[in-house]
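Okay, hi everyone, thanks for coming. I'll put the structure up first, and then we'll walk through it together.

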Amino acid sequence: MRRVLRYLLALVALAVIGAAAFFFWPASLPDVSAARARVPQGEASIRRGEYIARAADCEACHTLGNGARYAGGLPFHLPFGTIYASNITPDKETGIGQWSDAEFVRAVRQGVSRDGHNLYPAFPYTAYALMSDEDVLALKDYIFSLPPARSVAPAADLSFPFNQRYLMRGWNLLFKPSGPYQPDPQRSPEWNRGAYLVEGLGHCGECHTPRNQLFARDEGRKFAGALTAGWMAYNLTSDREVGIGAWSDQQIADYLSKGHAEGRGSASGSMAEAVEYSLRFLTSDDIHAMVTYLRTVPPQRGGADITVNTDPPSLRASTAFSPPPEQTADATLGLTLFQGACASCHGWNGEGLQHSHAALRGSQTVNDPAATNLLQVLIHGSHMETNDGSVFMPAFGRAYSDPELAALANYVIGHFGGKPSKVTPADVAKARNID
Ligand code: HEC
Ligand code: HEC
Ligand code: HEC
């Protein structure tokens with residue numbers, strides 16, 4: 001009850017600030033002519049913009065399945081309704097073909113559309129606010145070099161009061177950085193580049209930082225780990241037990257650029273998308289800059305507090321081709337299913353058989369007794385393009401019942417994570433209903 005009251009009070013405060021900002025502070029356009037003069041013309045800017053579009057992962061959200069690139073339409077299900085990514089191809093009628101430099105920069109860095117209405121922060125402009133105007137203009141040159149596509153995204157469908165876009169003005173005053181990234185002179189250029197990429201373009205905190213009651217990133221718990229669309233985006237802090245503090249630099253770099261780190265597991269779900277559309281295209285200098293910055297993120301708990309057992313006895317007693325004899329002697333439903341459907345690719349000792357990405361030892365996913373990501377991987381499978389080819393795991397959501405998937409999950413956590421778990425058929429049913 002007190003939570004609800006605090007939440008309502010905060011909403012009223014937002015409405016008041018938003019209304020005041022609406023009347024006293026009309027959405028003005030930034031002056032970007034000086035920045036424009038500093039951006040090289042033509043092909044050079046387009047290539048720089050392409051790199052920035054990748055680092056900022058614009059395409060993953062603005063492209064629908066096999067629809068035209070950047071033509072929008074992808075739904076975003078929020079707790080209070082659904083919004084759709086816009087068409088940002090240079091189509092003059094249905095895209096952003098008529099937008100000026102200033103209008104584009106204002107949208108990306110301030111979350112305001114061409115006609116002055118506020119955008120919702122499912123579009124991560126609160127991270128892009130840290131971008132330099134020069135980078136945003138190069139990005140515009142790239143997007144405007146792409147073929148225009150005619151496509152109108154469905155209108156947002158939000159309940160009151162969340163459909164009042166002007167409320168976002170109050171929210172922005174509280175939660176949006178006001179200026180571009182300011183380098184920290186105490187730190188190396190590499191660290192500053194990493195911070196710019198992680199906090200700004202890469203918007204890693206959008207998924208990995210827990211949110212407060214007003215759905216803003218809770219920077220006091222930066223990178224503690226958070227649930228997003230049914231997946232746990234794990235703890236990225238330097239905590240050695242529940243974060244990535246005990247990972248080597250090479251492991252972090254490999255995970256980001258290849259979607260797999262030896263001894264730490266593989267990326268699936270939205271992280272596989274981040275690797276496929278964005279991170280695998282970054283230069284190794286930029287990947288290492290990100291690692292340098294991530295290393296210094298202070299330890300946090302209270303988000304995804306999963307401890308990983310990298311060497312459970314059950315794995316030590318297994319070979320690639322067989323589990324410990326006592327498991328087979330007393331075969332459970334979970335073991336039988338794993339033997340039939342999984343062992344040929346994953347093997348029994350955690351090292352993977354079909355592909356290096358199939359190694360399960362040390363992965364958070366098989367160490368989480370709540371099985372959050374494990375159930376999503378089992379239900380939806382996994383697919384990722386890497387620079388070394390495609391990585392694939394089939395979906396098992398249709399093949400198996402809720403009790404079967406629960407048994408499978410409990411077996412996988414026990415065997416590969418070395419811990420007891422109590423995943424129930426009801427948990428599986430719940431996991432199926434997240435989109
Ligand atoms: C996490 C998903 C996501 C990412 C990443 C993302 N966008 Fe968006 N974008 C959206 C959504 C959703 C909307 C619609 C917001 C709304 O309706 O309030 C949007 C709206 C926009 C708009 C406003 C269009 C209009 O007609 O008002 C522009 C411009 C835009 N995005 C550009 C970009 C660029 C450039 C990038 C990369 C730097 C990017 N977006 C990355 C989800 C995303
Ligand atoms: C759209 C949401 C999203 C974004 C954006 C995102 N991540 Fe993730 N990340 C996830 C999810 C979900 C997982 C868990 C993946 C899994 O279980 O296979 C994850 C896992 C990870 C892991 C593995 C952690 C572990 O302990 O296993 C690392 C490292 C990571 N992300 C780094 C990053 C960095 C750096 C960025 C920014 C460049 C980033 N992520 C952006 C959702 C996201
Ligand atoms: C055709 C081979 C194949 C089969 C069959 C298969 N997997 Fe996978 N699995 C993979 C690959 C490859 C990955 C890595 C996916 C990625 O990186 O996108 C993976 C990923 C996973 C992950 C996530 C690993 C992580 O670090 O987050 C889990 C858990 C998993 N599989 C469990 C299973 C279970 C349980 C079964 C049986 C029901 C199964 N897999 C069947 C190939 C397979």
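Before I start, one term: when I say two residues are in contact, I mean they have heavy atoms within 4.5 Å of each other. Also keep in mind that this is a predicted model.

So, the layout. The domain assignment splits the protein into domain 1 (2-175), domain 2 (189-294) and domain 3 (313-432). Let's take the first pair. The C-alpha centres of domain 1 and domain 2 are 23 Å apart. Using the term I just gave you, 27 residues of domain 1 are in contact with 23 residues of domain 2. Together these two domains bury about 2,200 Å², and 63% of that is on carbon and sulfur atoms. Which three residues of domain 1 supply more of its buried area against domain 2 than any other three? They are Tyr51, Arg54 and Ala55, with 26% of it.

Now the ligands, starting with ligand 1. Its iron atom has a single donor from the protein, the NE2 of His62, 2.0 Å away. If you want to find His62 on the screen, look in helix H4, residues 58-62.

On to ligand 2. There are 24 residues around it, and the nearest ones are Cys204, Cys207, His208, Ser268 and Met271. Ser268 also has a backbone N or O atom 2.8 Å from an oxygen atom of ligand 2. Gln364 uses its side chain instead: an N or O atom there is 3.0 Å from an oxygen atom of the ligand. By class, the shell has 15 nonpolar, 9 polar and no charged residues. Where does ligand 2 sit relative to domain 2 and domain 3? Both domains give residues to its shell, so ligand 2 lies between them.

Last one, ligand 3. Here we have 25 residues around the ligand, with Cys342, Cys345, His346, Ser382 and Met393 coming nearest. His346 has a polar side-chain atom 2.6 Å from a nitrogen atom of ligand 3. Then there's Thr365, with a side-chain N or O atom 3.1 Å from an oxygen of the ligand. Several elements give two or more residues to this shell, including strand S7 (265-266), helix H17 (343-346) and helix H19 (402-417). The shell divides into 17 nonpolar, 8 polar and no charged residues, and it draws at least three residues from each of domain 2 and domain 3.

One residue to remember is Ser266. Its backbone has a polar atom 3.1 Å from an oxygen of ligand 2, and a backbone N or O atom 2.8 Å from an oxygen of ligand 3.

Notes: Residues are numbered from 1 along each chain as its sequence is written. Chains are lettered from A and ligands numbered from 1 in the order in which they are written. This is a predicted model: local features need pLDDT of at least 70, side-chain atom pairs count only at pLDDT 80 or more; totals for chains, interfaces and linings use all residues. Side-chain values use heavy atoms; hydrogens and water are left out. A residue is near a molecule or strand if one of its heavy atoms lies within 4 Å of it. A polar contact is a pair of N or O atoms within 3.5 Å; within protein, one must be able to donate a hydrogen and the other to accept it, and residues adjacent in sequence count only if both atoms are side-chain atoms. Helices (H or I, at least four residues) and strands (E, at least two) are DSSP runs, numbered from the N terminus. Ala, Val, Leu, Ile, Met, Phe, Trp, Tyr, Cys and Pro count as nonpolar, Asp, Glu, Lys and Arg as charged, and the others, Gly among them, as polar. Domain bounds come from an automatic or database domain assignment. Donors are N, O and S atoms within 2.8 Å of the metal (3.2 Å for Na, K and Ca); water is not among the atoms, so sites may look incomplete. Buried area is the accessible area (1.4 Å probe) that two parts lose on being put together, summed over both.
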